[in-house]
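User: Could you take a close look at one part of this model for me? I'd like to hear about the disulfides, in one connected answer.

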Amino acid sequence: YLVGVGRADCTGPVAQVPLMGYANPDQVGGGLLSRLYSRAFIVAEPQGSRRVVFVSADIGMVSQRVRLEVLKQLRSKYGELYRQDNVILSGTHTHSGPGGYFQYTLFWITSKGLVQPTLKSIVNGIVKSIDIAHENMKKGRLFINRGTVENSQINRSPFSYLANPESERNRYSSNTDKEMVLLKMVDEDGHELGLISWFAVHPVSMNNSNHLVNSDNVGYASYLFEQEKNKGMLPGEGSFVAAFASSNLGDVSPNTRGPFCANTGESCDNPQSTCPIGGAAMCMAKGPGKDMFESTRIIGQNIYLKAKELYEKASQEVTGPLSSAHQWVNMSSVSVELNATHTVQTCKPALGHSFAAGTIDGVGAFNFTQGSVEGDPFWDQIRDQLLGEPSNETKACHKPKPILFNTGEVRTHLW
């Protein structure tokens, strides 16, 4: 293949900017712990025009707004070379990056609107990393390897996981996916270019009391690998690019000691994640370190060490044609076959009371608890006044989940 790698800064403003991830309006930036980067990888077939771009950026997640802006800039520079169907943009999912770069109302509430400098920094950083990768294209080879990472994650919703059918759970040795998949890139002379590692863990070693912009545990793993390979260079400099990208990390927490009550120190590992004194607001998971900084370092180092081992031993070469695809799916009207006789339909979106409760990695506000199947007359009344009452169809479709925000039925703004 032809292979190109690139890295560019996408940090943006760090003072007084709302952070993205914990949905806490009081969590605003008060400084910088580590810069944020966009890491781009381009792989192309030597003959013909088939190519794929993969970008992993140190941000909460990629918004549609960011994606459309990036594609617009790429089109103006490269014509039809980089398109909707061959550009993959991924966020590492750090909860300590700036917010305010989304197109939907729900995100604007906690980020207090659109933050143009954040949006601009992310878009320009992503485009610049792709430009650098494009300029550095050379003949190269890809190798894949996989292995197991221990002592770095727990399932943060174990009681919910037990609601899965036993037959399904029996297929796995654990209630989290511990496999790391690594793609190694070298040029035709064997000179090292970079790597992409995929491993399921939430970058929330830094908790919701943090006010310093940073790339969390996976960003620290990137920092360690790049510092090792780019000897004598400052962070963010040097030709070797190491991305630790997000994968199936939905309910996977790096806070391996589990949930404890902040006021009493006792465990709150129960279905509602609630404490005897102070309720759910007091329940917070702890990482392996004495504080969140040490926990970030420990988890990041674990991930880095496993990636280093897999990288050094990667011998299975990736060959064959390249292909990519893009599809729009209207998630509110997908038909699902349950069995030979029963077909059901997905619902219009709606957020439940448990959503507002947050998780053991970052608890929500007020009196919401996880696992709620009963609504609350007070909050239902406020919802009805703000957004209107959910339709009977939406209520029935989401049952037994009590609806807090019927976002899919609001017409005034796209929520």
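Analyst: Happy to! The link of Cys261 and Cys275 is left-handed, with -110° about the S-S bond. Please keep in mind that this is a predicted model. The sulfur atoms of Cys261 and Cys275 lie 2.2 Å apart. This pair joins distant parts of the chain, 14 residues apart: Cys261 sits in strand E14 (residues 258-261), while Cys275 is in the loop between E14 and strand E15 (283-286). Cys261 counts as buried because its relative accessibility is 2%, below the 20% cut-off. Cys275 is buried too, at 5%.

That loop also holds a partner of another disulfide, formed by Cys268 and Cys283 with their sulfur atoms 2.2 Å apart. Here the torsion about the S-S bond is about 90°, so the link is right-handed. Cys268 belongs to the loop between E14 and E15, and Cys283 to strand E15, with their positions 15 residues apart in this link of distant chain parts. Cys268 is buried at a relative accessible area of 0%, and Cys283 is buried at 0% as well.

Further along, Cys347 and Cys397 form a disulfide with sulfur atoms 2.1 Å apart. Its torsion is about -85°, so this one is left-handed. The two cysteines are 50 residues apart: Cys347 lies in the loop between strand E18 (343-345) and strand E19 (351-352), and Cys397 in helix H10 (residues 392-398). Cys397 is partly exposed, with a relative accessible area of 33%.

Taken together, the structure holds three disulfides. Counting bonded cysteines along the chain, their pattern is 1-3, 2-4, 5-6.

Technical notes: Residues are numbered from 1 along each chain as its sequence is written. This is a predicted model: local features need pLDDT of at least 70, side-chain atom pairs count only at pLDDT 80 or more; totals for chains, interfaces and linings use all residues. Side-chain values use heavy atoms; hydrogens and water are left out. A disulfide is a pair of cysteine sulfur atoms within 2.5 Å. Helices (H or I, at least four residues) and strands (E, at least two) are DSSP runs, numbered from the N terminus. Buried means under 20% relative accessible area, exposed over 50%, partly exposed in between (1.4 Å probe, protein chains only).
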